[in-house]
Amino acid sequence: MNSMRLLLIVILTVSATSLGRAHAFLDHADPRVGSTVAAPSQVELWMTEDLEPAFTRIQVFDSQGGEVDKKDAKISGATMIVSLPKLGPGTYLVKWKAVATDTHKTTGTFKFTVQ
Amino acid sequence: MPISSFHLRAAAFLAAVLALVIVSDRLRAHGFEGDRFFPPTISTDDPFATDEYSIGVSTFNNPVAPDGSTPKTREIDVSSEFDKEIFPKFALGVTGTYTNLQPQAHQGPTQDGFDNVSFSAKYQLFEDPAHEFIFSLGGEIDVGNTGSSKLGVDYFSTYTPEMYFGKGFGDLPDAVKYLKPFALTGTLGLSIPGETSNADGSLNPDDVEWGLALEYSIPYLQQHVEDVGIPHPFADLIPVVECSMTSPIDRYGGTTTGTIDPGVMWEGKYLQVGAEALIPVNKTTGPNVGAVLQVQIYIDDIFPKIFGHPVFFNDENDDENNSSNSNK
């Protein structure tokens, strides 16, 4: 198994240097993905890559499919933020589209619940 | 066992490829359907017609041939596959494998050489991003007599029309939300040899080639279902169980052979690294558990002007529906 060990060492050594993604994926969010929280004043997403503001968007929808955010999204570096009005109890859907500065596009959704 | 020149050459080649990736500052490819990223699986083919390059190393012990013509043999394969999207959702590929055969118990000399070259085609026929579903058609041609005669490669070509599918379970109800990160991909094909019999009178059966891959995506869990606080690098892991089977259907082809392959894939910035055990399903398949390591390299990010889009009819708005290839 010496050959397999050697290859494993090479691969793991190389891989240890690469801990991000060239595509912009969601790293974490506030409110956190799938969390139950008091009514937040905004949704903020931290992505894994810097974003191209002109082509990046974030929206928040209620359970009826109506957009509830204030449509004032701010994109800076690897983060995107959109403000919210006072939300009532319920489950809300966050939809995002991210275009990284190298033009790679990704999209995603997640939910959070307001108590 | 000492490291042979074959092993060193294989390691050097792999290191050179990885070094090429490291110096690049961009990367990544592959198939998306809705929120789902389908990673390229190791033992079975994924349903996406994308620009891909992979290199893999596997080791496995082959059993003694039923007629005693070949001894128990340790086989090490270094395989490489390149796929290029030609038209939107249609890709062509080529696969080469360098094989090292080591007869056990000193029953013969070690043999090295290339296996037959294989060409493939794939078309993404149907996609439903909302339900994370994709269905593709394609096939492979294993071109006879293109490999090393020392390995006893087939002198005839083999034709395998195939279908492929992928289904993510993100559309399950929230009541079972922790099942949403599961995804299933599979292939089903009919392998048809160009010659039904050989000069020694032995027969070449038609085979049903089938495989499945069941995976649980930690990235999907954290990004789309619930951030449970799993830190990197564990947040980048995708545990997987694959099976890859061959079932002869005529000409006294014998029993089904294949392996069950539990393993894990790690999604990095520049590549995917996967490892699996190869557990034979019966004695006919093999006497021992094997192993495979695979590195998937996203060439469209290394050479974005060349790869990551079809050669013809490139549609810049193709991913507006959040499906298919990510690199447009």
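This talk walks through a predicted model with chains A and B, beginning with each chain as a whole and then turning to sheets, cores and one helix.

Before the details, a word on conventions: residues are numbered from 1 along each chain as its sequence is written, and chains are lettered from A and ligands numbered from 1 in the order in which they are written. Because the model is predicted, local features need pLDDT of at least 70 and side-chain atom pairs count only at pLDDT 80 or more, while totals for chains, interfaces and linings use all residues, and side-chain values use heavy atoms, with hydrogens and water left out.

Let me start with chain A, which has 1 helix and 8 strands, where helices (H or I, at least four residues) and strands (E, at least two) are DSSP runs numbered from the N terminus. Along the sequence the pattern is α-β-β-β-β-β-β-β-β. Of the 115 residues in chain A, 48% are buried, and by buried I mean under 20% relative accessible area, as against exposed at over 50% and partly exposed in between, with a 1.4 Å probe and protein chains only. Chain B has 3 helices and 16 strands, and buried residues make up 52% of its 328 residues.

Turning to the sheets, four strands of chain A form an open sheet in the order β1-β3-β6-β5, with antiparallel pairing; two strands count as paired if DSSP finds at least two bridges between them. The edge strands are β1(A) and β5(A), residues 74–76, each of which pairs on one side only. Within the sheet, β3(A) and β6(A) pair in the antiparallel sense over 5 bridges, and W46(A) stands opposite T79(A) in β6(A).

In chain B, strand β7 (residues 118–128) pairs with strand β8 (residues 133–142) in the antiparallel sense over 10 bridges, and β8(B) in turn pairs with strand β9 (residues 158–168), again antiparallel and over 10 bridges. One residue lets us follow both pairings, since E140(B) in β8(B) stands opposite S120(B) and also opposite T160(B) in β9(B). The hairpin of β7(B) and β8(B) has 4 residues between the strands, and there E132(B) takes a positive phi near 50°.

Which residues touch the most other members of the largest nonpolar core? Of its 24 residues, they are V43(A), L45(A), M47(A), V60(A), M80(A), F110(A) and F112(A); such a core is a set of buried Ala, Val, Leu, Ile, Met, Phe, Trp, Tyr and Cys residues joined through side-chain atoms within 4.5 Å. Strands β1, β3, β4, β6, β7 and β8 of chain A each supply at least two residues of this core, and β7(A) gives the most, with 4 residues. Apart from this core lies another, of 13 residues, among them I76(B), V78(B), I297(B) and I299(B).

Finally, I would like to look at helix α2 of chain B, residues 218–225, in which 8 of 8 residues are buried. What covers these buried residues? The cover includes β1 and β8 of chain A together with β2, β11 and β12 of chain B, so that both chains appear in the list. At the N-terminal end of α2(B), S217(B) acts as a cap, with a side-chain oxygen 3.0 Å from the backbone nitrogen of Y220(B).

Key: Contact = heavy atoms within 4.5 Å. Polar contact = N/O pair within 3.5 Å; in protein donor to acceptor, adjacent residues only side chain to side chain.
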